[in-house]
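Student: Hi, I have a new structure open. Can you walk me through it?

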Amino acid sequence: PPYTCCVPLSALRLDSRNQPFVLVVEQAESIMGAELQAKKVSVTVLEQNATMAALEEGTLGQKDQVIVRSDREIDSGSRVRVE
């Protein structure tokens with residue numbers, strides 16, 4: 001069946017309990033004003049192949065920007081810049 005929510009495998013990460021999650025971009029207020037931060041979203045992988053993973057519907061919103069790569073190590077709460 002066609003899946004409504006798919007992400008590149010590069011976006012998929014595992015937490016300390018081997019549970020899959022992705023990081024999405026979220027706007028947050030700080031003392032410097034509005035900034036973009038990474039936010040952890042736990043996901044359920046339904047199926048995956050060599051390049052993509054199909055996620056359970058409803059986990060991510062249509063407007064969520066999933067982080068698929070970064071030039072440094074990032075985690076939930078890290079400041080990010082969208083390119």
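Student: Let's start with rings. How many aromatic pairs does the count come to?
Tutor: The count comes to 0 aromatic pairs. Bear in mind that this is a predicted model.

Student: Okay. Then what lies over the face of Phe21?
Tutor: Lys40 does. Lys40 is placed 4.8 Å from the ring centre of Phe21.

Student: Let me back up. How many helices and strands are in the chain?
Tutor: The chain has 0 helices and 6 strands. Along the sequence, the pattern reads β-β-β-β-β-β.

Student: What does the C-alpha trace span along its principal axes?
Tutor: About 45 × 25 × 25 Å.

Student: Now the sheets. In what order do S2, S3 and S4 come?
Tutor: The order is S2-S3-S4, in an open sheet of 3 strands. The pairing there is antiparallel.

Student: Which strands are at the edges of that one?
Tutor: Strand S2, residues 13-14, and S4. Each of these edge strands pairs on one side only.

Student: What holds strands together in a sheet, generally?
Tutor: Strands pair through backbone hydrogen bonds, and the pairing can be parallel or antiparallel.

Student: Back to ours. How many bridges join S3 to S4?
Tutor: There are 10 bridges between them. S3 covers residues 20-30, S4 covers residues 33-42, and the two run antiparallel.

Student: And what joins S3 to S4 along the chain?
Tutor: A hairpin, through 2 residues.

Student: I'd like some residues to click on. Which residue in S4 is the bridge partner of Glu29?
Tutor: Ala34 is the partner of Glu29. You can also pick Ala28, which has Glu35 of S4 standing opposite.

Student: On to the sheet with S1. What order does it follow?
Tutor: It goes S1-S6-S5. This is an open sheet of 3 strands with antiparallel pairing. The edge strands are S1, at 6-8, and S5, at 45-48, and each pairs on one side only.

Student: By how much are neighbouring strands of this sheet turned against each other?
Tutor: By 30° on average, with direction ignored.

Student: How many bridges join S1 to S6?
Tutor: 3 bridges, with S1 and S6 running antiparallel. S6 takes in residues 52-55.

Student: Which residue in S6 stands opposite Pro8?
Tutor: Met52. In S1's pairing with S6 you can also look at Val7, whose bridge partner in S6 is Ala53.

Student: What about Gln48, which residue in S6 is its bridge partner?
Tutor: Ala53 is the bridge partner of Gln48. So Ala53 is worth a click from both sides of the story.

Student: How do S5 and S6 pair, parallel or antiparallel?
Tutor: Antiparallel, over 3 bridges. S5 and S6 also form a hairpin, with 3 residues between them.

Student: New topic: pockets. How much space lies in the largest pocket?
Tutor: About 490 Å³.

Student: Which residues are closest to its centre?
Tutor: Arg69, Ser70, Arg81, Val82 and Glu83. They are among the 15 residues that line the largest pocket.

Student: How does the lining of the largest pocket split by class?
Tutor: The lining has 7 nonpolar, 2 polar and 6 charged residues.

Conventions: Residues numbered from 1 in each chain as written. Predicted model: local features only at pLDDT ≥ 70, side-chain atom pairs only at ≥ 80, totals over all residues. Heavy atoms only, no water. Pairing = 2+ DSSP bridges. Helix = DSSP H or I, 4+ residues; strand = E, 2+ residues; numbered from the N terminus. Axes fitted to C-alpha atoms, helices over the stretch in contact; angles between N-to-C directions. 1 Å grid on protein atoms, 1.4 Å probe; cavity = no way out; pocket = protein on both sides within 12 Å on 5 of 7 lines; lining within 4 Å. Points joined across faces, edges and corners; volume = space filled by probe spheres on them. Nonpolar A, V, L, I, M, F, W, Y, C, P; charged D, E, K, R; others polar. Phe/Tyr/Trp six-rings, centres within 6.5 Å; stacked < 30°, edge-to-face > 60°. Lys NZ or Arg CZ within 6 Å of the ring centre and 35° of its normal.
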